[in-house]
Amino acid sequence: SETCGFDLSEIEYVRDVEPGEIVILDKDGMRSDRFLPKKQCPPKHCVFEHVYFARPDSRVFGDTVHVVRRKLGRKLAQEHPVAADFVTPIPDSGMSAALGFAEESRIPFEMAFMRNHYVGRTFIQPSQDERSSNVEIKLAVVREVVEGKRVVVVDDSVIRGTTSRSRIRLLRAAGEKEVL
């Protein structure tokens with residue numbers, strides 16, 4: 001579903017494969033066959049592709065993921081205006097939405113969390129203990145950035161709340177004034 005794989009292989013993105021369609025590439029070129037009529041298989045998109053799973057540099061369902069996430073952050077700022085000292089993302093997938101929120105609200109963007117890139121996606125760990133342990137290792141707070149500040153934290157999604165709860169607790173321990 002992502003186009004970033006094409007970019008790495010220098011393959012030109014032409015279009016998405018439609019529901020009910022088979023695209024065949026062979027020595028004769030490219031052709032398309034339908035195994036179901038269009039009316040029997042309307043597109044059904046999973047919003048989680050844009051919100052969390054897909055890489056920001058990919059096109060999914062015809063839109064660039066980074067651009068969609070940034071628009072979502074702008075919409076969040078419109079719907080929930082706040083007064084704060086800065087906006088920070090939960091890295092990495094919250095980055096684009098936090099940028100959009102900061103732009104729309106005119107609140108400065110700052111990195112309060114630093115990500116350990118040796119820890120992968122934590123929500124797929126098999127047990128809560130493993131998820132919690134990996135979150136503790138994955139994201140650290142920069143105390144000097146948050147101390148005494150009102151902080152807007154933008155996370156892309158809350159699946160189980162493991163990351164959100166532990167990172168808010170960490171911000172409080174670092175002396176933030178308010179988490180919004």
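Q: Which residues are linked in a network of salt bridges?
A: In this predicted model, the network of salt bridges links R70, R74, E103 and E104. A link of this kind requires a side-chain nitrogen of Lys or Arg within 4 Å of a carboxyl oxygen of Asp or Glu. By this rule the count comes to 13 salt bridges.

Q: What makes the contact between R31 and D26 a salt bridge?
A: The closest N and O atoms of R31 and D26 are 2.8 Å apart. The cut-off is 4 Å between a side-chain nitrogen of Lys or Arg and a carboxyl oxygen of Asp or Glu, so the pair qualifies.

Q: Why is R31 called partly exposed?
A: R31 has a relative accessible area of 40%. Partly exposed is the class between the buried limit of under 20% and the exposed limit of over 50%, so this value belongs there. Its partner D26, at 34% relative accessibility, also counts as partly exposed.

Q: Why do D28 and K27 count as a salt bridge?
A: The side chains of D28 and K27 meet at 3.9 Å, N to O. The limit is within 4 Å, and therefore the pair is counted. D28 is exposed, and K27 is exposed too.

Q: How do you know that K75 and E79 form a salt bridge, and where do they lie?
A: The N to O distance between the side chains of K75 and E79 is 3.8 Å, and the rule asks for a distance within 4 Å. Both residues belong to helix α3 (residues 65-79), where they are four residues apart, about one turn of the helix. K75 itself is partly exposed, with a relative accessible area of 43%.

Q: What makes the nonpolar surface patch, and what is its area?
A: The patch is made by V14, L25 and M30 and covers about 350 Å². Membership needs over 30% relative accessible area and no salt bridge, with nonpolar side chains joined within 5 Å. V14 has a relative accessible area of 57%, so it passes the 30% requirement. V14 lies in the loop between α1 (4-8) and β1 (21-26).

Q: Why is V14 called exposed?
A: The relative accessible area of V14 is 57%. Exposed means over 50%, so the label applies.

Q: What is notable about the phi angle of E10, and why is E10 called exposed?
A: E10 has a positive phi of about 55° although it is not a glycine. The residue lies in the loop between α1 and β1. With a relative accessible area of 76%, E10 is exposed, because the exposed class starts over 50%.

Q: What is the phi angle of R106, and where is R106 found?
A: The phi of R106 is positive, about 60°, although R106 is not a glycine. R106 is found in the loop between α4 and β6 (113-115). At 73% relative accessibility, R106 counts as exposed.

Q: What makes the peptide bond between P91 and D92 a cis bond?
A: Omega for the bond joining P91 and D92 is about 0°. D92 is found in the loop between β5 (86-89) and α4.

Q: What lines the largest pocket, and how much space lies in it?
A: The largest pocket holds about 550 Å³ of space. Its lining has 23 residues, of which F6, Y13, R15, D16 and V17 lie nearest the centre. β1 and β3 (59-60) each supply at least two residues of that lining.

Q: How far apart are G62 and R15 in sequence and in space?
A: G62 and R15 are 47 residues apart in sequence, and their C-alpha atoms are 8.0 Å apart in space. G62 lies in the loop between β3 and β4 (63-64). At 27% relative accessibility, G62 counts as partly exposed.

Q: Why is S58 called buried?
A: S58 has a relative accessible area of 0%. Buried means under 20%, so S58 meets the condition. S58 lies in the loop between α2 (47-53) and β3. From S58 to T3 the C-alpha to C-alpha distance is 4.9 Å, with their positions 55 residues apart in sequence.

Q: Where in the chain is confidence lowest, and where is it highest?
A: Confidence is lowest in helix α5 (residues 128-138), at a mean of 63, and highest in helix α4 (residues 95-105), at 97. The mean pLDDT of the chain is 85, and 86% of its residues reach 70 or more.

Terms used
Residues are numbered from 1 along each chain as its sequence is written. This is a predicted model: local features need pLDDT of at least 70, side-chain atom pairs count only at pLDDT 80 or more; totals for chains, interfaces and linings use all residues. Side-chain values use heavy atoms; hydrogens and water are left out. Patches are made of residues with over 30% relative accessible area and no salt bridge: like charges are joined within 9 Å, nonpolar side chains (Val, Leu, Ile, Met, Phe, Trp, Tyr) within 5 Å. Accessible areas come from the Shrake-Rupley method with a 1.4 Å probe; for residues, only the protein chains shown count as cover. Buried means under 20% relative accessible area, exposed over 50%, partly exposed in between (1.4 Å probe, protein chains only). pLDDT is the predictor's confidence in each residue, from 0 to 100. On a 1 Å grid over the protein atoms alone, a cavity is a set of points where a 1.4 Å probe fits but cannot get out, and a pocket is an open set with protein on both sides within 12 Å along at least five of seven lines; lining residues have an atom within 4 Å of a point. Grid points are joined across faces, edges and corners, and a volume is the space filled by probe spheres set on the points.
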